[in-house]
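Open the model in your viewer and keep the selection tool ready. We will go from stop to stop.

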Amino acid sequence: SANIALNVAGGPLTGSSYAALDSYIRTRASPDLGLPLHGMIVQHRTATVSLYRIRPGATALAGQTLGAVAMEYDEALADHATLVTGSRDAPAGPSSAAGVLLSRDAARALRLRVGDRIAFSGDGTTPLRPILVLAGIFVPSDPGGDYWSGNSAGSAYNALVTTHLDTFQRFASLP
């Protein structure tokens, strides 16, 4: 196989189990497998959680769920996706918000635009912090390529993506 995935199954990751998995992937996976890992890409994904819109100037959730979405950390997104609007790295909003990216098809399906404030919530009432801001919208550079084969089929990619590990780690143990 051109792709190998390592994960911890059976529930959400705790901070310590996430740190152990990340360290293992980066430092010990190749020797333990006895294989050279070329072009290693570190990606982590949370459980799927309900996503809600937050109206401008508000701190509470705005009505019905937009859908169920995961948060993903992806070190190599810039090499495999083209930004069609917004910014790749800079959060688009207040300093207390974290910027995320979304595929164009997912943004259309969720009816989100760059600058929209969104939040995960496990109970439909309380937003998980930090509040998120859609900073950019992307399309896969090669939707049929190997990179996207493990990522929900390229253009149908349905996860909020961050290229900042610290942002992802805040959500690594989503309920």
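This tour covers a surface patch, a buried side chain and a ring pair. The model is a predicted one.

**Stop 1: the surface patch**

Select Leu 33, Leu 35 and Leu 37. Together they make a nonpolar patch on the surface. Their joint accessible area is about 220 Å². Now pick out Leu 33 alone. Leu 33 belongs to helix H2, which covers residues 29-33. Is Leu 33 buried or partly exposed? Its relative accessibility is 39%, so Leu 33 counts as partly exposed.

**Stop 2: Asp 74**

Move on to strand E3, residues 67-74, and select Asp 74 there. Asp 74 counts as buried because its relative accessibility is 0%; the cut-off for buried is under 20%. What does its side chain reach? Show the backbone nitrogen of Ala 76: a polar atom of the Asp 74 side chain lies 2.9 Å from it. Then show the backbone nitrogen of Leu 77. The side chain of Asp 74 reaches that nitrogen at 3.1 Å.

**Stop 3: the ring pair**

Stay in strand E3 and select Tyr 73, then add Phe 168 from helix H6, residues 165-171. How many aromatic pairs are there? The count is 1. The ring centres of Tyr 73 and Phe 168 are 6.4 Å apart, and the ring planes stand at 45 degrees, so this pair is tilted. One partner lies in strand E3 and the other in helix H6, so the pair ties together parts 95 residues apart in sequence. Check the surroundings of both: Tyr 73 and Phe 168 are buried.

How values were computed:
Residues are numbered from 1 along each chain as its sequence is written. This is a predicted model: local features need pLDDT of at least 70, side-chain atom pairs count only at pLDDT 80 or more; totals for chains, interfaces and linings use all residues. Side-chain values use heavy atoms; hydrogens and water are left out. Patches are made of residues with over 30% relative accessible area and no salt bridge: like charges are joined within 9 Å, nonpolar side chains (Val, Leu, Ile, Met, Phe, Trp, Tyr) within 5 Å. Accessible areas come from the Shrake-Rupley method with a 1.4 Å probe; for residues, only the protein chains shown count as cover. A salt bridge is a side-chain nitrogen of Lys or Arg within 4 Å of a carboxyl oxygen of Asp or Glu. Helices (H or I, at least four residues) and strands (E, at least two) are DSSP runs, numbered from the N terminus. Buried means under 20% relative accessible area, exposed over 50%, partly exposed in between (1.4 Å probe, protein chains only). A polar contact is a pair of N or O atoms within 3.5 Å; within protein, one must be able to donate a hydrogen and the other to accept it, and residues adjacent in sequence count only if both atoms are side-chain atoms. Rings of Phe, Tyr and Trp (its six-membered ring) pair if their centres lie within 6.5 Å; planes under 30 degrees apart count as stacked, over 60 as edge-to-face and the rest as tilted.
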